[in-house]
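These notebook entries record what I looked up in one structure. I set down each query with what I found.

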Amino acid sequence: MLKYLSVGKKFLPHVLFSIGFTLIFLSLSLFTTPTLFENTASTLYKEPLARNQTDIPVKACFVVLVRNSELNRVLSSINQVEWRFNRKFSYPYVFLNDDEFTPEFIEATSAVTNSITHYGKVGESMWGYPSFINQTLAAESRKKMETLHVPYAQSESYRHMCRFQSGFFFRHALLDAYDYYWRIEPDVDYYCDIDYDVFKFMRDNGKKYGFNIAFREFMATVPSLWNTIQKFKEEYPEVVENLPAKKDSLWKFVTSDNGKTYNSCHFWSNFEIGSLALWRSNDYLKLFNYLDQSGGFFYERWGDAPVHSIAATMLLRKDEFHFFNDIGYRHSAYTHCPTEPEYRDKCSCVPEVNFDYNPYLSCYNIYKDAMK
């Protein structure tokens, strides 16, 4: 199977006939309508009218990291995205897998959308153990974390996934053509009709990172992450020079003691709508490479959510974030459901199950305070 595969939509024969007839008619018109050639030079060459930015298409896609075995679960997610949003806007899908996609997977996923679908395998350089990782030490660390009842403590594939989502998904060749992305997971629910183009909203309003659930991290998974990032800042003053002033950043979302410690808050990255320019920036690549070399993805169990969240709060101004309150969403046991009355006709979720104000696990109130 080819490493990359794209599935487009074909024209029906009667459509091709209509297009051909129209082209013939226009060609004849050029020779039978002399007034087309009677314009003077001053009127023949006009500057094109300036277009409002909202009229310019956005280079955006859905990104889906998924295995063949998750076909039914990802079909459920895509069907909902199509019904709630994409049947109106027709953005393409990029499916990524650490194995080759099966013909069954490709046929089934391309059949549920009228959009173009791309399929790619993640190479070993993006998925697997880098040469600088001591795999014996990594195995010992996994056993230790299991005794602490850390989620996914023994999972190697989960660690590969977190590293890939943190530092490589945006470097896959199939994403080179795009500027914005929406991350989709298998077995999630979308509860609300979305009647506007979220990618144009992001672009036209200067937003770089969008989310709808703010969560607390299991701190046993990231015991050294915060200190590693502080060391990075000490060793890379040229990056620090580029950071927004703390008063203009969302720094207070991730630290409650002026930077001494990490408060465990992060944006739940299984739902992300963002600018790929953020992760492609030299400053973020330097940070990710530093974190990668430290080994924390394997010696601990660093997740892409805290890595993305801490990095975004460092690199972006607070006005470049957006809380997608109007996109009702469920992942595992947690749901964001807009509670305002105006969403009742658009959403099928129950406001009472909204996770935002969970006093123990939600960081939404901390986000609101940090935005002030």
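**Entry 1: salt bridges**

Which residue forms a salt bridge with D248, and how far apart are the closest N and O atoms? I found that the partner is K247, with the closest N and O atoms 3.3 Å apart. I note at the outset that this is a predicted model.

I then looked up the accessibility of both partners. D248 has a relative accessibility of 32% and counts as partly exposed, whereas K247, at 65%, counts as exposed. I also recorded a network: K208, R317, D319 and E320 are joined into one by salt bridges that share partners.

I next turned to the pair E70 and R73, whose side chains meet in a salt bridge at 3.5 Å, N to O. Is E70 buried or exposed? I found E70 buried, because its relative accessible area of 18% falls under the 20% cut-off. R73 is partly exposed, with a relative accessible area of 41%.

A further pair is R183 and E185, where the closest N and O atoms are 2.9 Å apart in a salt bridge. I found both R183 and E185 buried. For the whole model I noted a count of 18 salt bridges. As background, I recall that side chains of opposite charge can pair when their charged atoms come close.

**Entry 2: helix α4**

Which residues of helix α4 are buried? Within α4, which spans residues 103–111, I listed F105, I106, T109 and S110 as buried. These residues lie on the same side of α4, because they cover an arc of only 110° around the axis. As a reminder to myself, residues three or four places apart point the same way, because an α-helix has 3.6 residues a turn.

I then examined the face of α4 turned away from the buried side, and found that it carries the exposed residues P103, E104, E107 and A111. Among the elements that cover the buried residues of α4, I recorded β1 (4–7), α3 (71–89), β3 (93–97) and β4 (117–121).

**Entry 3: helix α14**

I repeated the query for helix α14, residues 364–371, where the buried residues are Y364, Y367 and A370. Why do they fall on the same side of α14? They do so because the arc they cover around the axis is only 120°. Against which strands do the buried residues of α14 pack? I noted β7 (209–211), β8 (214–216), β9 (265–267) and β11 (321–323).

**Entry 4: S141**

I looked up S141 and located this residue in helix α5, which covers residues 135–147. S141 is buried, with a relative accessible area of 14%. Leaving aside residues up to four places away in sequence, I found that S141 touches F298 and Y299.

**Entry 5: a three-stranded sheet**

What is the order of the strands in the open sheet of three? I read the order as β6-β12-β13, with antiparallel pairing. The edges are held by β6 (188–190) and β13 (334–336); each has a single partner strand, so one side of each lacks a neighbour in the sheet. From one strand to the next, the twist averages 10°.

I then followed the pairing of β6 with β12, residues 329–331, which is antiparallel and runs over three bridges. Which residue of β12 stands opposite Y190? I found Y329 in that position.

Note on methods:
Residues are numbered from 1 along each chain as its sequence is written. This is a predicted model: local features need pLDDT of at least 70, side-chain atom pairs count only at pLDDT 80 or more; totals for chains, interfaces and linings use all residues. Side-chain values use heavy atoms; hydrogens and water are left out. Buried means under 20% relative accessible area, exposed over 50%, partly exposed in between (1.4 Å probe, protein chains only). Helices (H or I, at least four residues) and strands (E, at least two) are DSSP runs, numbered from the N terminus. The arc is that of the directions from the helix axis to the C-beta atoms. Contact means heavy atoms within 4.5 Å. Two strands pair if DSSP finds at least two bridges between them. Axes are lines fitted to C-alpha atoms, for helices over the stretch in contact, and angles run from 0 to 180 degrees between N-to-C directions. A salt bridge is a side-chain nitrogen of Lys or Arg within 4 Å of a carboxyl oxygen of Asp or Glu.
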